[in-house]
Amino acid sequence: MKVIVTRPRAQAGPLVSRLEALGADVVECPLIEIERTSDRPIDAAGYDWLVVTSTNGAEEIARRGRNLPRVAAVGPGTAEALRAHGIEPAFVPSESSQEGLLREFPRPPGRVLFAAAEGARRRAIDGLGADFVPLYRTRLLSPEPPEGDYVVLASASAARAYAAVGGAAPAVSIGPETTRVAGRLGLTVAAEAATHDLDGLVAAVADLMD
C-alpha cells in the first residue's frame, strides 16, 4: 500500500519510519512549511492558563516560554510534545478540537493566554476571553501531488494544501478538525485517528492495511 505523508520534512521522520515498519510504501510530499514569527521570549506571568494548540506550538513554548502558568493542550499529540520538554499539561480535552477545548475548559477560566499559529481560528480565543500570541505561521506549499492509496493529513492546513494542489487520494485524518476541513474541501476521509496523535495515525493506517 502506498501512503503519502504530507508533514514538513523536518518533522516527518518518526511517522515515515513507523509506516514503513508496517510494510507501507511511503512517499513524502511536504505540503506545509513552518516559519517562526519571533525569537523573543513569551512571558506568561500573571496568566491563569496558557493554551497550546499544536505540536509546533509546543516546540515554540518550550523554546520561548517564560513563567508558565497551568498549561492546556488541545489534544494528546500536543500534550506529548509538551511532556517531551518537561511541561506537564494540566488539562487536555477528550475531544481534540477548539470546540472540545472550549466546551470542556475548566470554569471560570480566569486570565488565559492563547498561543497558536498566526491567523488561528477565533472561536476558542473569543469564547475564553483570551489574549492571543502568534507563535509561527504556516505556509502552504504547491508540489505536484504523487499517486498513492492514502494520504495522511496531520493538520487542517495540510488538508487545505492537499485540496489546493488537486490531491485525490482518500485521507487518514488526525482528528475532527482536520476531518471537518477535509470534508468541506471535497476530500474523501477514509479514516480518522482514534487518538489524535502519532500513535493514532499509525494505528488508523494499520487498520486500513488489514
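This passage walks through two helices, a strand residue between them in the account, a pocket and a few local backbone features of a predicted model.

Helix α1 is a good place to start. It runs over residues 9-22, and at 1.5 Å a residue its 14 residues should span 20 Å; the end C-alpha atoms are indeed 20 Å apart, so expectation and model agree. The helix is not perfectly straight, though, as there is a kink of about 30° centred on Leu15. Leu15 is also one of the buried residues of α1, together with Ala12, Val16 and Leu19. The spacing of these residues fits a simple rule: an α-helix has 3.6 residues a turn, so residues three or four places apart point the same way. As for what the buried residues of α1 pack against, the partners are three strands, β1 (2-5), β2 (25-28) and β10 (150-153), plus the helix α8 (198-209). Just past the end of α1 comes Gly23, with a positive phi of about 105°.

Helix α8 can be checked in the same manner. Its 12 residues should span 16 Å at 1.5 Å a residue, and the end C-alpha atoms sit 17 Å apart, which agrees. Buried here are Gly200, Leu201, Val202, Ala204 and Val205. These buried residues pack against α1 in return, and also against β1, β10, β11 (171-173) and β12 (189-192).

Strand β10 turns up in both packing lists, and Val152 is a handy residue to look at there, since its place is in that strand. With a relative accessible area of 1%, Val152 falls under the 20% cut-off and therefore counts as buried. Leaving aside neighbours within four places in sequence, Val152 is in contact with Leu15 and Leu19 on the α1 side and with Leu201 and Val205 on the α8 side. Val3, Ile4, Thr6 and Val172 complete its contacts. Val152 and Ala171 are 19 residues apart along the chain, yet their C-alpha atoms are separated by 5.7 Å.

The largest pocket holds about 1,300 Å³ of space. It is lined by 47 residues, and the closest to its centre are Thr53, Ser54, Thr55, Ala154 and Ser155. By type, the lining divides into 20 nonpolar, 19 polar and 8 charged residues.

Another spot worth a look is helix α4 (residues 98-104), where Leu102 lies. Leu102 has a relative accessible area of 15%, which is under 20%, so it is buried as well. Not counting residues up to four places away in sequence, Leu102 touches Arg107, Arg123, Ala124, Gly127 and Leu128. Ala58, by contrast, is 44 residues from Leu102 in sequence and 19 Å from it in space, C-alpha to C-alpha. Arg107, one of the residues touched by Leu102, is joined to Pro108 by a cis peptide bond, with omega of about -10°. Pro108 itself sits in the loop between α4 and β8 (112-117).

One last backbone oddity concerns Asn67, in the loop between β6 (65-66) and β7 (70-73). Asn67 is not a glycine, but has a positive phi of about 55° all the same. Its relative accessible area of 53% is over the 50% cut-off, so Asn67 is exposed.

How values were computed: Residues are numbered from 1 along each chain as its sequence is written. This is a predicted model: local features need pLDDT of at least 70, side-chain atom pairs count only at pLDDT 80 or more; totals for chains, interfaces and linings use all residues. Side-chain values use heavy atoms; hydrogens and water are left out. Helices (H or I, at least four residues) and strands (E, at least two) are DSSP runs, numbered from the N terminus. The expected span of a helix is 1.5 Å times one less than its number of residues. The bend at a residue is the angle between axes fitted to the seven residues ending there and the seven starting there. Buried means under 20% relative accessible area, exposed over 50%, partly exposed in between (1.4 Å probe, protein chains only). Contact means heavy atoms within 4.5 Å. On a 1 Å grid over the protein atoms alone, a cavity is a set of points where a 1.4 Å probe fits but cannot get out, and a pocket is an open set with protein on both sides within 12 Å along at least five of seven lines; lining residues have an atom within 4 Å of a point. Grid points are joined across faces, edges and corners, and a volume is the space filled by probe spheres set on the points. Ala, Val, Leu, Ile, Met, Phe, Trp, Tyr, Cys and Pro count as nonpolar, Asp, Glu, Lys and Arg as charged, and the others, Gly among them, as polar.
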